[in-house]
Amino acid sequence: MRITDIQRCEVRPGRLVEWTLSPATVAAATALPEDSRPPAYIQESHIRTARSVREAGLFVPTWLGTAFDLPGPVDLDALEHALRSWTVRHETLRSGFRWDGDELRRFTLDAADVSLSRTESGDFPDADGLVRHLQDRFDTVADALSWPNLIYTAVVRDDGASVYMAFDHSNVDAYSLHRVPAEVHELYAAGVTGAAGAAGPPAASYVDFCEIERADADGIDGRHAVVDRWREFIRRCDGTLPGFPVDLGLEPGGPLPRQQMLCEPLADADAAAAFEAYCRPYGGSLVGLLAATGLIVHELGGQQVYRTVVPFHTRVKTRWSDSVGWYVGGAPIEVPVGRTRGFPEALRSVRAELQANRALARMPLARVLRLLGADFRPTSPDLYSIVSYLDARGIPGAERWAELKAHGLLRVSYGDQVCVWVNRLPEGLWLASRYPDTDIAAKNMRLYVERLRDRIASVTHGSLPAVS
C-alpha cells in the first residue's frame, strides 16, 4: 500500500456518504463507568502533546487513514454492515478517554452498543473540492482531543465506490491500516452474498495489550539497564532526542513550521530484490536503508555519528498480529559514519547497533522519559525524526492494492521533524516523507532521496563492493 496524503491518492468525483458513531452510541459512552485498563504510554503521550499544542494556540491534525476502491454498483447497506462489523471486532475503536483532573481515564463500549449513523453529504462534481471537504471533515472528527475520533466515508459512482477512513493516531498504526482493505472487502462480500463467518475469530484487543505493556513498564525504575542506555544516548544527543541531521532551514525557538509531503517510487521490484539480497547477510533492507541514510546525511550535514531512533513494532506475540492498535516502540542507534570506509562497513555498524538495542523498543519511551525526569518537545507532535521500513508484501490483500487503488493516508500539517517511511510493495520500494516546509529542507530532502535511490540502484548495477 502506498503511503501518501489525501491530495495525492487519486480522489475522483462522486456522491459522498459518511458514517460516524451514532448519537445513541455516544450517549451510551457518556454513561459508562471507568474501564480500569489504562492507556498505553504512547497513547497518553500523544493525547497530552495534542492538548499542549492546542493550548499553545495551534491546531495540528494528526489523523491517519486508508483509502481503497469497491467494485460497483455498491450496496450501501452491506457496506455499512461491514464497517460496523469491522469496528466492533477491534476493541480499541470502541474505547476512548476522558480527563479526570490531569489523569486520563478509559471507557469502553460493549459491541452491542455500537451503531453507525449514515449521512448523505451530496454530490461533489469537482475532485479538488471533494478533497478539501474530506480533509476538513477528517480534521474535525478524527481529533485526538475528542471522541468519537473516527469517520468512514464512501464516494459513490455508478461503477463502484472509493472508501476513505480516518482515525486519530491513538488507535491505529501504519500496519493496522494496511490490513483494513482486505478485511472490509471480505466483510462486504459476505454481506452482499449472505455468507456467514467472514469476520473470522475476534481480534485480540489492543486495550488488553495496553494494560499488559503498562504493567511491565511500571515495574522498572530509574536504575534499569534500559533507562541507563537511553540516558547515555540522550546525553550524547546534547540532552534531547535526535532530529534529522541535515540543515532544515529552521530558526531555533521559532514557531512550529508547516510541513510538506514528498512521496514517490524509490526502486522497482527488481532493484528492491537486488538491494534486499545485497543487505540480507546483515539483516536485510532495514539495515541497508539505515546504513545508506547514515552515509548520506554525513555527506549532506557533516555529522560524524548518525544517531536516530528506529521504530519497531511491538507485536512480539502472534496473538496481536490481527489486532488494530498503535503497536510501535523505538530503539536508539549510533553509527560512526564519519570514519566508516564504505557501505559494507556501515552495514556492519548498523547491524551491531540493532542487535544490541532492538529490545529497547519494547519499553515505552514515554515511561523512560518520565523516569529520566524529561519531557521533550511537548509542543511538537513528533518527539524525534525517523526512518521506518515495512515489507508489506505478506499482508493479506497486498497483491490487490494496485488494482483497488489502496493507499495509506497521512495528514501533513505542522512539525519540525523529518519522518520517512519506506514500504516494500509487490511493485518495488515506495518512499513517503513529511518535513518542514522550507526551501532548505526541500533541497536537502530532494538530495537525500536522490542519493538513496542512487545507492539502491548501484547494487543492481554492481557498482558497490560485495558484502563480506
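Start by selecting residues 14-21, strand E2, together with residues 150-157, strand E7, in this predicted model. The two strands run antiparallel to each other and are joined by 5 bridges. To see one pairing up close, click on Glu 18: the bridge partner of Glu 18 in E7 is Thr 153.

Now widen the view to the sheet around this pair. Which order do the strands follow? Reading across, you meet E1-E13-E3-E8-E7-E2-E6, an open sheet of 7 strands with mixed pairing. Colour residues 2-4 (strand E1) and residues 116-124 (strand E6) to mark the edges, where each strand pairs on one side only. Look along the sheet as well: ignoring direction, neighbouring strands are turned by 20° against each other on average.

Next, move to a pair of helices. Select H7 (residues 225-236) and H11 (residues 365-372), whose axes lie 10 Å apart and cross at an angle of about 75°. Because angles of 65 to 115 degrees count as roughly perpendicular, H7 is roughly perpendicular to H11. Show the side chains where they touch: H7 brings Val 226, Val 227, Trp 230, Arg 231 and Ile 234, while H11 brings Leu 365, Val 368, Leu 369, Leu 371 and Leu 372. This contact counts 9 nonpolar residues, 1 charged residue and no polar ones.

Last stop: the cysteines. Select Cys 210; is this residue buried or exposed? Cys 210 is buried, because its relative accessibility is 0%, and buried means under 20%. Cys 279 also has 0% relative accessibility, so Cys 279 counts as buried too. As for disulfides, a search of the whole structure finds 0.

Note on methods. Residues are numbered from 1 along each chain as its sequence is written. This is a predicted model: local features need pLDDT of at least 70, side-chain atom pairs count only at pLDDT 80 or more; totals for chains, interfaces and linings use all residues. Side-chain values use heavy atoms; hydrogens and water are left out. Two strands pair if DSSP finds at least two bridges between them. Helices (H or I, at least four residues) and strands (E, at least two) are DSSP runs, numbered from the N terminus. Axes are lines fitted to C-alpha atoms, for helices over the stretch in contact, and angles run from 0 to 180 degrees between N-to-C directions. Angles under 35 degrees count as roughly parallel, over 145 as roughly antiparallel, 65 to 115 as roughly perpendicular and the rest as oblique. Contact means heavy atoms within 4.5 Å. Ala, Val, Leu, Ile, Met, Phe, Trp, Tyr, Cys and Pro count as nonpolar, Asp, Glu, Lys and Arg as charged, and the others, Gly among them, as polar. A disulfide is a pair of cysteine sulfur atoms within 2.5 Å. Buried means under 20% relative accessible area, exposed over 50%, partly exposed in between (1.4 Å probe, protein chains only).
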